[in-house]
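Before reading on, please take a moment with the sequence and the model together. The paragraphs below are meant as a guided walk for someone who has not met this structure before.

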Amino acid sequence: MGSDGSQAELISQDHSWLDWRDQLAKDPSAEAPALRMNGQPVFRWATVEMAKVARRTLEAAGIDVADLDAFIPHQANDRITEALARSLRLPSSVAIARDVVEQGNTSAASVPLAIDALLSSGAARSGDTALLLGFGAGLSFAGQVVVLP
């Protein structure tokens with residue numbers, strides 16, 4: 001896990017909730033804080049840097065991509081998932097989570113929801129080895145190899 005603070009502005013909140021609360025007391029129509037994302041640079045960062053994180057995660061776990069049964073990345077968008085799968089050269093036998101197609105980007109819930117979707121559909125089974133990969137605001141990231149419940 002880690003973060004790339006040099007790219008923090010690519011996904012950030014425009015102002016704080018505390019500032020908004022204070023402003024709301026003066027102006028009931030004050031606009032609530034919102035997350036802002038610079039899409040193209042985030043896409044490039046995610047496809048290049050998260051592939052590196054995935055490889056380091058597999059290496060730390062002592063396994064090869066061929067040992068995986070499932071790949072479950074943060075469900076940001078299907079193009080990122082597809083680019084990562086190509087970059088990692090995932091074998092066709094590896095189930096790839098694509099819950100983003102049905103659920104959209106559910107932020108921090110995307111990985112557990114995608115796990116459930118893979119297990120519920122039968123694309124992955126309890127006891128399978130899965131690579132989990134996530135990233136978010138501030139360009140924080142993490143990877144982990146797990147045995148699915």
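What follows moves from the overall layout to the sheet, then to one helix, the cores and the aromatic rings.

The model is a predicted one, and in it the protein holds 5 helices and 7 strands. Read from the N terminus on, these elements run in the order β-β-α-β-α-β-α-β-α-α-β-β. Taken along the principal axes, the C-alpha atoms fill a box of roughly 60 × 35 × 25 Å. Of the 149 residues, 36% count as buried. Among contacts with a separation of 6 or more, 62% are accounted for by residues 24 or more positions apart.

The sheet is a convenient place to begin. Its 5 strands form an open sheet in the order S1-S7-S6-S4-S5, and the pairing is mixed. Strand S1 (2-3) and strand S5 (95-96) stand at the edges with a single partner strand each, so one side of each is left without a neighbour in the sheet. S1 pairs with S7 in the antiparallel sense over 2 bridges, and there glycine 2 has phenylalanine 141 as its bridge partner in S7.

S7 in turn is joined to S6 by 8 bridges, with the two strands running antiparallel; within this pairing, alanine 130 stands opposite valine 146 in S7. The two strands form a hairpin with 3 residues between them, and glycine 138 in the turn has a positive phi of about 75 degrees. S6 also pairs with strand S4 (residues 70-73), here in the parallel sense over 4 bridges, and proline 73 stands opposite leucine 133 in S6. As for its surroundings, S6 is mostly covered, since 6 of its 8 residues are buried.

Helix H2 (residues 39-61) deserves a paragraph of its own. With 23 residues, H2 reaches 31 Å from its first C-alpha to its last, which is close to the 33 Å expected at 1.5 Å a residue. The helix nevertheless contains a kink of about 25 degrees, centred on alanine 46. Alanine 46 is also one of the buried residues of H2, a set that further includes Val42, Phe43, Trp45, Met50, Ala54 and Leu58. What covers the buried residues of this helix includes strand S2 (11-13), strand S3 (35-37), helix H3 (78-88), strand S6 (129-136) and strand S7 (140-147). After H2 comes glycine 62, whose phi is positive, near 75 degrees.

The interior can now be taken up. In soluble globular proteins, nonpolar side chains tend to be buried together. In this model the largest nonpolar core has 26 residues, of which Met50, Phe71, Leu90 and Phe135 touch the most other members. The elements giving two or more residues to this core are H2, H3 and S6, and the largest share, 9 residues, comes from H2. Leucine 90, leaving aside its neighbours within four places in sequence, is in contact with Val65, Leu68, Phe71, Ala85 and Ile96. There is also a second, separate core of 13 residues, which includes Ile72, Ala97, Leu118 and Leu132.

How many aromatic pairs does the structure hold? The structure holds 3. In one of them, tryptophan 17 and tryptophan 20 meet edge-to-face, at 5.4 Å centre to centre and with 90 degrees between the planes. Because they are 3 residues apart in helix H1 (residues 17-26), these two tryptophans are separated by about one helical turn. Tryptophan 17 is partly exposed, with a relative accessible area of 48%.

Tryptophan 45 and phenylalanine 141 form another pair, which is tilted, at 6.2 Å centre to centre and with 50 degrees between the planes. This pair links distant parts of the chain, as tryptophan 45 lies in helix H2 and phenylalanine 141 in strand S7, 96 residues apart. Both partners fall under the 20% limit for burial: tryptophan 45 counts as buried at 8% relative accessibility, and phenylalanine 141 is buried with a relative accessible area of 15%. Ring pairs link these two residues with Phe135 into a cluster of Trp45, Phe135 and Phe141. Two members of that cluster bring earlier parts of the walk together, since Phe135 is among the core residues that touch the most other members, while phenylalanine 141 is the bridge partner of glycine 2.

Technical notes. Residues are numbered from 1 along each chain as its sequence is written. This is a predicted model: local features need pLDDT of at least 70, side-chain atom pairs count only at pLDDT 80 or more; totals for chains, interfaces and linings use all residues. Side-chain values use heavy atoms; hydrogens and water are left out. The expected span of a helix is 1.5 Å times one less than its number of residues. The bend at a residue is the angle between axes fitted to the seven residues ending there and the seven starting there. Buried means under 20% relative accessible area, exposed over 50%, partly exposed in between (1.4 Å probe, protein chains only). Contact means heavy atoms within 4.5 Å. Two strands pair if DSSP finds at least two bridges between them. A nonpolar core is a set of buried Ala, Val, Leu, Ile, Met, Phe, Trp, Tyr and Cys residues joined through side-chain atoms within 4.5 Å. Rings of Phe, Tyr and Trp (its six-membered ring) pair if their centres lie within 6.5 Å; planes under 30 degrees apart count as stacked, over 60 as edge-to-face and the rest as tilted.
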